[in-house]
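Subject: A structure for you to look at

Dear colleague,

I am handing over the structure below, together with its sequence, so that you can follow along on your own screen. Please keep in mind while reading that it is a predicted model.

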Amino acid sequence: QIRGVRELPDGRVLLTDRLEERLVVADFASGRVQVIGRPGRGPLEYHLPTSLIPMSGDSTLLIDEGNSRLVVVTPALTIARSFSLRIPGIGVALSARAVDAQGRYYLQIPGWISNARERGDSVWVVRYDLRRATVDTIALIQGATTPPNRNDRQLGIPFVPFAPQDGWAAGADGRVAIVRANEYRVDWRSADGRMSPGIAVPSDRVPVTMADRVAFTRRFIANSPIGGRDPNGGMSAAPAELLQEKTIREVAARNTFAAVMGPFTQAAPLVAIDGTLWVERSGHVGTRSTWDVFDAAGRNVRRTTLPAGRRLVALGRASAYLVATDDDGLERLERYALR
């Protein structure tokens, strides 16, 4: 289950395997794969590794989902330290989505954490300077739609899948892109706080089918820590009984889904090295993934459709990294030249 990919300066790639709990460095030229560190709960270990975020000085930030903390991987590909990211006034550890060249962390704070009922389903996007313990507000965006209250204790999806919600991404230069869902466009926020509204992009209204609901539920259970707990009470991969087709269909039928998809998927937008932003368009299960590419002015400059059965996980200097899944559920990382 490939969850994070980062291209290194020498062309090798770091990647995480959430199910087998591995952080590895892979060399496309030689075919070699080397494991870094080990799974566990110790200070230099990780549990359910997911995203990989570039840091200054060619270090990498690993999101340690199972331990609710962050792990710093050095340019020499050793684990330097792990820590929990706790913002002043918030008592739970948070994750990060980006780190800029000054070492500041970019993350979002859901409404359920800050207990701001008047915000509804909105979330704060903030920048946190760990050294100075200061928090800067970047934007208030539309988050996931809260589902109706449930009276049973069966497995449920804690949001309404396919409902429109804003997306965002941050670059190393401190620029932040906000992808608006109600009027599909990309607004850029410069490092000094100036907002530049983008140009609206036409989008199709894609109805949500039962096949879409089942496929989404299968991915959600397989990839979400909500589905499993280990003997110590911590997070673990979803147990096999939750991944049975009968169980998946029951969960899909029981939960609330939007009738029509938002203009883009819940996949996190990607900031490329050239400063463009990639956003995945919505589409039915089984169709080829399509990504819109926006420039620094918020213009939709091109559209890229991936080969069938692939998903985009990372962008490098001249390459796109895609994951292909075979009939046995095994995942393979592929590299494609960007044109």
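The largest nonpolar core of this predicted model has 19 residues, and those with the most contacts inside it are Ile-157, Phe-162, Phe-216, Phe-220 and Ile-221. Two helices, α2 (210-223) and α3 (245-254), each supply at least two residues of this core, and the largest share, four residues, comes from α2. If you would like one residue to start from, take Ile-157, which, leaving aside its neighbours within four places in sequence, is in contact with Pro-147, Phe-216, Thr-217, Phe-220, Asn-255 and Phe-257. There is also a second, separate core of 18 residues, and among its members are Met-55, Leu-61, Ile-63 and Leu-70.

Next, please turn to strand β15. Five of the five residues of this strand (residues 185-189) are buried, so β15 is largely enclosed by the rest of the structure. Arg-185, Asp-187 and Arg-189 point one way from the strand, while Val-186 and Trp-188 point the other way, and all of them are buried.

Which strands pair with β15? One of them is β14 (residues 176-180), which runs antiparallel to β15 and is joined to it by five bridges; the two form a hairpin with four residues between them, and Val-176 stands opposite Arg-189 in β15. The other is β16 (residues 195-196), which pairs with β15 in the antiparallel sense over two bridges, and here Arg-189 stands opposite Met-195. The hairpin of β15 and β16 has five residues between the strands, and in it Gly-193 takes a positive phi near 100°.

Further along the chain, three strands form an open sheet in the order β21-β22-β23, with antiparallel pairing. The strands β21 (310-315) and β23 (331-337) stand at the edges and have a single partner strand each, so one side of each is left without a neighbour in the sheet. Neighbouring strands of this sheet are turned by 30° against each other on average, direction ignored. Between β21 and β22 (residues 319-325) the antiparallel pairing runs over five bridges, and Leu-312 stands opposite Leu-322 in β22.

Leu-322 appears again in the lining of the second largest pocket, together with Trp-278, Arg-302, Thr-304, Thr-305, Leu-306, Pro-307, Ala-320, Tyr-336, Ala-337, Leu-338 and Arg-339. About 270 Å³ of space lies in this pocket. The strands β20 (300-305), β22 and β23 each supply at least two residues of its lining, and β20 gives the most, with three residues.

The loops deserve some attention as well. Most residues other than glycine have a negative phi, which is the background for two residues that you may want to look up. Ser-68 has a positive phi of about 55° although it is not a glycine, and Ala-133, also a residue other than glycine, has a positive phi near 55°. Ser-68 is found in the loop between β6 and β7 and is partly exposed, with a relative accessible area of 40%. Ala-133 lies in the loop between β11 (122-129) and β12 (134-142), and Ala-133 is partly exposed, with a relative accessible area of 41%.

Is Asn-67, in the loop between β6 (60-64) and β7 (69-73), buried or exposed? Asn-67 is buried, because its relative accessible area is 16%, and the cut-off for buried is under 20%. Not counting residues up to four places away in sequence, Asn-67 touches Gly-40, Arg-41, Glu-45, Tyr-46 and His-47.

Arg-317, by contrast, lies in the loop between β21 and β22 and is exposed, with a relative accessible area of 52%. Not counting residues up to four places away in sequence, Arg-317 touches Glu-7, Leu-8, Pro-9 and Ile-273. From Arg-317 to Ala-222 the separation is 95 residues in sequence and 31 Å in space, C-alpha to C-alpha.

With kind regards

Methods
Residues are numbered from 1 along each chain as its sequence is written. This is a predicted model: local features need pLDDT of at least 70, side-chain atom pairs count only at pLDDT 80 or more; totals for chains, interfaces and linings use all residues. Side-chain values use heavy atoms; hydrogens and water are left out. A nonpolar core is a set of buried Ala, Val, Leu, Ile, Met, Phe, Trp, Tyr and Cys residues joined through side-chain atoms within 4.5 Å. Buried means under 20% relative accessible area, exposed over 50%, partly exposed in between (1.4 Å probe, protein chains only). Contact means heavy atoms within 4.5 Å. Two strands pair if DSSP finds at least two bridges between them. Axes are lines fitted to C-alpha atoms, for helices over the stretch in contact, and angles run from 0 to 180 degrees between N-to-C directions. On a 1 Å grid over the protein atoms alone, a cavity is a set of points where a 1.4 Å probe fits but cannot get out, and a pocket is an open set with protein on both sides within 12 Å along at least five of seven lines; lining residues have an atom within 4 Å of a point. Grid points are joined across faces, edges and corners, and a volume is the space filled by probe spheres set on the points.
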